[in-house]
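Me: Could you take a close look at one part of this model for me, the sheet and what packs around it? I would enjoy a connected walk through it.

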Amino acid sequence: MAFTAADVKNLREKTGVGMMDCKKALAASDGDMDKAIEYLREKGLAASVKKADRIAAEGMAYAAVVNGVGVVVEVNAETDFVGKNEKFVDFVKGVAATVAAANPADLDALMECKYNGTDLTVLQQQQEMVLVIGENIKVRRFARFEGGVCVPYVHAGGKIGVLVNLDTDLPAEKVEEAGKDVAMQIAALNPRFWDKTQVTQDVLDEEKKIMMAQMENDPKMASKPEQVREKIVLGKLNKFYTENCLLQQEFVKDGDLTVEKYLAAAAKSLGGTITFKDAVRFEKGEGIEKKQENFAEEIASMVKG
């Protein structure tokens with residue numbers, strides 16, 4: 001029975017196994033999808049299929065500079081215990097090294113890259129980790145900065161990973177402390193914007209609308225003339241910048257400075273320039289819907305299997 005590229009793709013989606021192995025399985029099974037899945041399971045390649053639907057919201061966010069390239073990745077597992085496992089941590093570091101070396105365009109491209117130091121793809125190495133560790137493991141996302149000076153920061157053993165990218169005429173080692181201070185601020189306060197110039201008019205209009213509604217619902221404020229309320233809103237919007245924009249935030253280590261002024265002061269003391277360019281903050285499991293697992297059903301299905 002002949003098979004098509006669409007069949008290979010379909011088998012990959014069903015099993016999570018790499019394209020070449022799926023092609024081999026279909027060839028060995030005369031294009032029969034069910035037999036191909038059975039073939040992969042017999043080979044031990046699809047042992048992770050039953051785990052693929054389980055929620056993986058733990059794991060690790062990790063940031064590093066690899067050969068001058070800044071990388072931050074998030075790799076998920078099902079339990080916090082596995083997130084601290086040495087093999088799992090090594091896998092995460094290998095993913096980061098692969099991102100640095102291969103510069104993949106997106107997550108799909110990354111999964112087809114050769115995993116750092118092996119002949120396996122990242123997807124195949126991920127499947128190996130599932131077999132070894134026994135939990136659903138997924139590379140979720142990554143970011144990469146090339147150029148400038150990158151400073152990584154990992155908080156609480158992988159709960160949060162931050163990568164800061166600076167433009168400077170100073171050696172990387174001289175700006176590392178300043179970069180780490182900024183990264184720690186980002187980890188702690190999670191600003192919505194890096195600079196007030198990034199705040200769009202739509203955001204400001206929405207904030208103003210909320211503030212005006214709050215004052216209308218406050219008996220003390222509702223009686224004030226509209227122009228007075230407008231002035232109050234303007235003051236509150238200035239506060240919005242200082243609370244939500246990194247460079248305008250109060251620097252946590254010195255309340256007399258903003259982050260922007262701290263970087264300027266640090267640059268002056270070092271005899272050069274330091275400009276914040278960009279940053280990425282990954283928090284482990286953010287945005288993943290967590291649900292209570294029905295372990296009774298899972299155990300029953302394992303017994304039947």
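Reply: Happily; here is the sheet first, then its surroundings, and then a few other spots.

This is a predicted model, in which local features need pLDDT of at least 70 and side-chain atom pairs count only at pLDDT 80 or more, while totals for chains, interfaces and linings use all residues. Residues are numbered from 1 along each chain as its sequence is written, and side-chain values use heavy atoms, with hydrogens and water left out.

Let us start with the sheet. Helices (H or I, at least four residues) and strands (E, at least two) are DSSP runs, numbered from the N terminus, and two strands pair if DSSP finds at least two bridges between them. The sheet is open and has three strands in the order 1-2-3, paired antiparallel. Strand 1 (58-66) and strand 3 (138-145) are its edges, each pairing on one side only. From one strand to the next, the twist averages 15 degrees. Strand 2 (residues 69-77) runs antiparallel to strand 3, and seven bridges join the two. Within that pairing, G70 has F145 of strand 3 as its bridge partner. Helix 5 packs on this sheet, touching strand 1, strand 2 and strand 3, and its direction makes about 140 degrees with that of strand 2. Here contact means heavy atoms within 4.5 Å, while axes are lines fitted to C-alpha atoms, for helices over the stretch in contact, and angles run from 0 to 180 degrees between N-to-C directions.

Now for one residue of the sheet. N76 is placed in strand 2 and counts as buried because its relative accessibility is 3%; buried means under 20% relative accessible area, exposed over 50%, and partly exposed in between (1.4 Å probe, protein chains only). Leaving out residues up to four places away in sequence, N76 touches a set of residues including A57, F88, I137, R140 and I288. Its C-alpha atom is separated by 14 Å from that of E86, which is 10 residues away along the chain.

I137 leads on to the nonpolar core, a set of buried Ala, Val, Leu, Ile, Met, Phe, Trp, Tyr and Cys residues joined through side-chain atoms within 4.5 Å. The largest such core has 29 residues, and V73, F88, F91, V95, I137 and V139 have the most contacts inside it. Two or more residues each come from strand 1, strand 2, helix 5, helix 6, helix 7 (122-133) and strand 3. Helix 5 gives the largest share, eight residues. Beyond its neighbours within four places in sequence, I137 is in contact with V75, N76, A77, F88, F91, Q126, M129 and V130. Another core lies apart, with 26 residues, among them V164, L166, V182 and Y262.

Just past helix 5, there is a backbone detail worth a look. N103 lies in the loop between helix 5 (86-102) and helix 6 (107-112). Although not a glycine, N103 has a positive phi of about 50 degrees. Most residues other than glycine have a negative phi. N103 counts as partly exposed because its relative accessibility is 46%. D30, also not a glycine, has a positive phi of about 55 degrees, and D30 is found in the loop between helix 2 (19-28) and helix 3 (33-42).
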